[in-house]
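Open your viewer and get ready to click along. We will go from stop to stop, picking a selection and looking at what is there.

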Amino acid sequence: MADQPADKKFFENLSGAGKAIGVLTSGGDAQGMNAAVRAVVRMGIYVEAKVYFIYEGYQGMVDGGDNIVEVSWESVSSILQVGGTVIGSARCKEFRTREGRLKAAFNLIQRGITNLCVIGGDGSLTGANLFREEWSGLLEELAQSGKIEEEAVKKYVYLNIVGMVGSIDNDFCGTDMTIGTDSALHRIIEVVDAIMTTAQSHQRTFVLEVMGRHCGYLALVSALACGADWVFIPEYPPEEGWEDQMCVKLSENRARKKRLNIIIVAEGAIDSHNKSITSEKVKDLVVQQLGFDTRVTILGHVQRGGTPSAFDRILASRMGVEAVLALLEATADTPACVVSLSGNQAVRLPLMECVQMTQEVQKAMDERKFCEAVRLRGRSFENNLNTYKLLSHRKPDTELPKDHLSCSTNFNVAVLNVGAPAAGMNAAVRSAVRVGITEGHNMFAVIDGFEGFANGQIKEISWRDVGGWTGQGGSLLGTKRALPAKYLEKIADQMRTNNINALMVIGGFEAYLGLLELSAAREKYDEFCVPMVMVPATVSNNVPGSDFSIGADTALNTITDTCDRIKQSASGTKRRVFIIETMGGYCGYLANMGGLAAGADAAYIFEEKFDIRELQANVEHLTEKMKTSIQRGLVLRNENSNENYTTDFIYQLYSEEGKGVFDCRKNVLGHMQQGGAPSPFDRNFGTKISAKAIQWISKKLRETYRRGKVFANTEDSVCLLGMRRRNLLFQPVVELKDQADFVHRIPKEQWWLKLRPLMKILAKYKTSYDVSDSGQLEHVARHSPKEAETGAI
């Protein structure tokens, strides 16, 4: 973490010395925009470029003067956790005219700005591209009128544009997530969770209207995340006669003693004739046909407000750094690009390809080609919709699959949680149970992990039993760390007694070890020769074969929220450094990503060795920082980062070395990181990954059912389902052994370690940054409907 000389090759290739970058936010505001602005400014300064704020979007560029200001490192201090955009955003009619763009070009040339980073929606980015295309003509016109010298025309011959999409609607094609979407989902889910408690008290139906004039992403994902009874979105209008279908479903749910109904309506929802479906219309329908006590809640601009989530801060920081790299590598022939997210990778895509596809979605909806509109939205959107359709409505028994060989009805599938509790486990269980029932299986819940399995704590679980589970934290099934090795005979007996034909395990490293043990025990016990699948769920995010685990996002938000409060406390007292200990075992994911999301000065992790010299250098770094206007410090330490340099040791060292300059406080976050309601990401991830796991089980059951019995003994019948880079993959647990460090219970290679330098750069340390994954301009992928089944989450 200490100051090091920056990598020479890095600077040779990317040095922006003499270059000037302008950053602006345009269109509607979105949480996380400030994190993106901060990253652009600090990365720009890091590579020795001049960076300018352009206040009030394109209006500020047209007006010039004090609206375009060079900024320093300290200019973006304390904005990471602030919602909205501190540099302002405004709609600008003047920029849509050539005269307005002429003024804007003049104002940029005055300051030597030929690199623009635009954070906004498709309209803002389209405007930027037009500006770029006209640039040379605008400069010639300015030279002819005598406003600039001919020399300036030659010097500033082309304009580079890189875009980042800031939009809570997630309505831009080419990226899985736009900046602000995850935070907007947090606001929606907070409201839904609060409404559910009051609705249950009075047996009420609530109709919630969420934003999304042209895109139903927020409505769809929030419906998945809260288990809504019905959802209306622009891309997938309800079938003819939906009014009666919806009312039948609501009355059936009420008859099953469900005390509340939630209906979510996107503001742009339409029927199959392109007529608007409003929240008031839905409410009136429910009241008239069913007489239910029904209320409407319109969330409005609440969705744009509040602090950005950890996901949005990390996404925006990564995109901001990537945008600066893209600007500095750009040439006259490089098309304007947009930095996007694909899986867990930042990628660059041609801006106008993305804009064109986004416009094609609207065209398809206008022409009532709704299947095409859903496909154009991308694999992530399509997966969300398919999963919602699977989970939202229970088919009558007469419609469930009947033939063993065709759809595996009457197979018994058991689900259990193993390891420490993680928020999102219950959403995963709910999804597994309901998809399993839809596939025609009998679903069994195992209480208290492998220990409970051995003791016969197994019960059949129904569709209704898992109602309302998505928003519940912890593990309602109960979970223990016990491994199956010492209970093998008892578990085999229970498998035989209950005729268990397949097993789904939701958990962390213990769950992985458990499946390895069951797989090895197949030689002795035929009962374990059944399809088995693991879904990773642990706050530590330390499972081999998966970049993400259910629960890690919720824990990260807990850490980020706590750090925000601590930083606020420190800014009030001045000259104070906080040492925070995070969970994670030997895995530094929470400490590293929490440090990135909270704007920490250092994060000590097991994976990156550190010594006393580095600790001393960090103290000196903070001492220098206290001489600036930013008089506070934040240091994170992973609980097992070093057995000798404990949290107490680091606290005492900092306290002693910082005497007279700053004082220290320490905070051990502990088990609060495992608690709380699951974040929208964890609910959604748990729901979709479990649905996919059960569908895999159904496929394996069909393949291995012979002569009235299931017999699966191949390596590929015991798999872990994990997110790898851009795709969800089923990987045999045996094949993952080489990728695991069993002593420290972590994967040998971890993708997030590539983000270590990013955190250091944003905290003003000199370090090299691995650009091997960046620099490649890709094309927008158009997928076939089949790809959605195997593609991104």
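This is a tour of a predicted model, with stops at a sheet, a nonpolar core and two serines.

**Stop 1: the sheet.** Start by selecting β19, β20, β18 and β21, in that order: these 4 strands form an open sheet with parallel pairing. Strands of a sheet pair through backbone hydrogen bonds, either parallel or antiparallel. Which strands stand at the edges? They are β19 (602-604) and β21 (663-668); each has a single partner strand, so one side of each is left without a neighbour in the sheet. Look along the sheet and you can follow a twist that averages 20° from one strand to the next.

Now zoom in on β19 and β20 (residues 632-638), which run parallel and are joined by 3 bridges. To see one pairing, pick Ala603, whose bridge partner in β20 is Leu636. Then add helix α21 (residues 589-598), which packs on the sheet and touches β18 (576-582), β19 and β20. The direction of helix α21 makes about 160° with that of β20.

**Stop 2: the largest nonpolar core.** Select Met164, Ile264, Met504, Phe528 and Tyr589. Of the 190 residues in the largest nonpolar core, these five touch the most other members. Colour helix α11 (residues 310-329) too, since the largest share of this core, 13 residues, comes from there. Another core lies apart from this one; its 51 residues include Val62, Leu108, Ile113 and Ile270.

Back in the largest core, centre on Ile264. Not counting residues up to four places away in sequence, Ile264 touches Leu208, Val210, Ala219, Ser222, Ala223, Cys226, Ala228, Trp230, Val231 and Phe232.

**Stop 3: Ser690.** Next, go to helix α24 (residues 680-704) and find Ser690. Is Ser690 buried or exposed? Ser690 counts as buried because its relative accessibility is 0%. Show its side chain: a polar atom there lies 3.0 Å from the backbone oxygen of Ala428. Leaving aside neighbours within four places in sequence, Ser690 is in contact with Ala428, Ser431, Ala432, Met504, Ile506 and Val535. You have already selected Met504, one of the five core residues from Stop 2.

**Stop 4: Ser276.** Finish at Ser276, in the loop between β8 (261-266) and α10 (279-290). With a relative accessibility of 45%, Ser276 counts as partly exposed. Not counting residues up to four places away in sequence, Ser276 touches Ala269, Ile270 and Lys281. For a last check, draw a C-alpha to C-alpha distance from Ser276 to Met164: the two are 31 Å apart in space and 112 residues apart in sequence.

Notes:
Residues are numbered from 1 along each chain as its sequence is written. This is a predicted model: local features need pLDDT of at least 70, side-chain atom pairs count only at pLDDT 80 or more; totals for chains, interfaces and linings use all residues. Side-chain values use heavy atoms; hydrogens and water are left out. Helices (H or I, at least four residues) and strands (E, at least two) are DSSP runs, numbered from the N terminus. Buried means under 20% relative accessible area, exposed over 50%, partly exposed in between (1.4 Å probe, protein chains only). A polar contact is a pair of N or O atoms within 3.5 Å; within protein, one must be able to donate a hydrogen and the other to accept it, and residues adjacent in sequence count only if both atoms are side-chain atoms. Contact means heavy atoms within 4.5 Å. A nonpolar core is a set of buried Ala, Val, Leu, Ile, Met, Phe, Trp, Tyr and Cys residues joined through side-chain atoms within 4.5 Å. Two strands pair if DSSP finds at least two bridges between them. Axes are lines fitted to C-alpha atoms, for helices over the stretch in contact, and angles run from 0 to 180 degrees between N-to-C directions.
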